[in-house]
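Student: I've never looked at this one before. Can we go through it together, piece by piece?

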Amino acid sequence: MHSPFVFALVNEVLRTRTPRSTTAGVEALRAELLNSKDLVEVMDLGAGSRRDNAPKRRVADIARTALKPRRQAEQLGRLAAYFKPNTVLELGTSLGITTLHLAQAAPWAEVHTIEGSPAIAAIASGHFRRMQASNIRMHTGSFTDQLPAVLGKMGRLDLAYIDGHHAAAPTLDYFGQCLAKAHGGSVFILDDIHWSDGMEEAWEAVKAHPRVTVTIDLFHHGLVFLRTGRQKQHFVLRY
Ligand SMILES: C[S@@+](CC[C@H](N)C(=O)[O-])C[C@H]1O[C@@H](n2cnc3c(N)ncnc32)[C@H](O)[C@@H]1O
């Protein structure tokens, strides 16, 4: 590996593990959700789930199928702690588990998160209050409606995590909007880059974007960097 930047990232973040005690609180909440008997009204604004598109879903099923598993959620937290963003934007809050991982790993950051399903967003907001995550700003509504306003209020965007509406055109649209607020030190994390042909197409287009200089394909996530003054380099890492 010829990039000291990527070498350090791999050794200090990607190949390490988060001490379990650090994320015990959020993960206890996940465990509770996995056992929940509650039903919630779901408004599907994205590409849907391959398993269940019922308008009312069990919270436990959402927790089981829609959320990033612990290991990946912890990796997101380590990335946030490593890059020290002042502003974080998450597209796709769901029940708020990854939002909490990001917000707790970077407690100094203002973490904006957008969720289109109002009942799910209300549950997530309750979780943020309960976990006293006062650095999270919840925005309820479609990405199309909310994103321009949220970005408009943000000076610069340091870290963006795109985890919703897994189709090519919308993903590229949201990425493009976020780019307008991004800078050479910004980090983008795209979820499920190999989930469908559409997401493969989106990932290839992101890699080819003239402002993108370094990408790291971690299979579940794609990391995107805009660091200036270097040739394009694309890495594929599997653990
Ligand atoms: C995969 S889940 C997010 C999981 C969460 N990041 C986690 O791992 O803890 C994606 C969420 O994005 C929301 N979503 C999808 N498309 C959307 C859109 N176009 N506008 C707003 N919300 C959307 C869905 O309602 C869903 O709750």
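Tutor: Sure! Keep in mind that this is a predicted model. Let's begin with the packing of helix α9: its buried residues sit against α8 (168-179), β7 (187-191) and β9 (221-225).

Student: Okay, so which residues of α9 are buried?

Tutor: To count as buried, a residue needs 20 or more other C-beta atoms within 10 Å of its own. In α9, the ones that make it are Met-199, Ala-202, Trp-203 and Val-206.

Student: And how wide an arc do they cover around the axis?

Tutor: They all fall on the same side of α9, because their arc around the axis is narrow enough for that. On the other side, Asp-197, Glu-204 and Ala-208 are exposed. The arc of the buried ones is only 100°.

Student: How far apart are the end C-alpha atoms of α9?

Tutor: Work out what to expect. Helix α9 has 12 residues (197-208), and at 1.5 Å a residue they should span 16 Å. The model agrees with that, as the end C-alpha atoms are 17 Å apart.

Student: Now the sheet. Which strands stand at its edges?

Tutor: It's an open sheet of eight strands with mixed pairing, in the order β5-β4-β3-β6-β7-β9-β8-β10. An edge strand has a single partner, so one side of it is left without a neighbour in the sheet. That describes β5 (136-140) and β10 (233-236).

Student: By what angle are neighbouring strands turned against each other on average?

Tutor: Ignore the direction of the strands for this one. The average for neighbours in this sheet is 15°.

Student: Which residue in β4 does Glu-90 stand opposite?

Tutor: Strands β3 and β4 (residues 110-115) run parallel and are joined by five bridges. Across from Glu-90, in β4, you'll find Thr-113.

Student: What about α8: which strands does it lie across?

Tutor: Helix α8 runs at about 170° to one of them, β6 (159-162). The strands it lies across are β3, β6 and β7.

Student: Is Ser-94 buried or exposed?

Tutor: Ser-94 is in the loop between β3 and α5 (97-105), and it has a positive phi of about 50° although it isn't a glycine. Since 20 neighbours are enough, the 22 C-beta neighbours inside 10 Å make Ser-94 buried.

Student: And how many other C-beta atoms lie within 10 Å of Lys-84?

Tutor: Lys-84 is another non-glycine residue with a positive phi, near 50°, and its loop runs between α4 (70-83) and β3 (87-91). Lys-84 counts as partly exposed, because the number of other C-beta atoms within 10 Å is 13.

Key. Residues numbered from 1 in each chain as written. Predicted model: local features only at pLDDT ≥ 70, side-chain atom pairs only at ≥ 80, totals over all residues. Helix = DSSP H or I, 4+ residues; strand = E, 2+ residues; numbered from the N terminus. Expected span 1.5 Å × (residues − 1). Buried ≥ 20, exposed ≤ 12 C-beta atoms within 10 Å, placed from the backbone. Arc of directions from axis to C-beta. Contact = placed C-beta atoms within 7 Å. Pairing = 2+ DSSP bridges. Axes fitted to C-alpha atoms, helices over the stretch in contact; angles between N-to-C directions.
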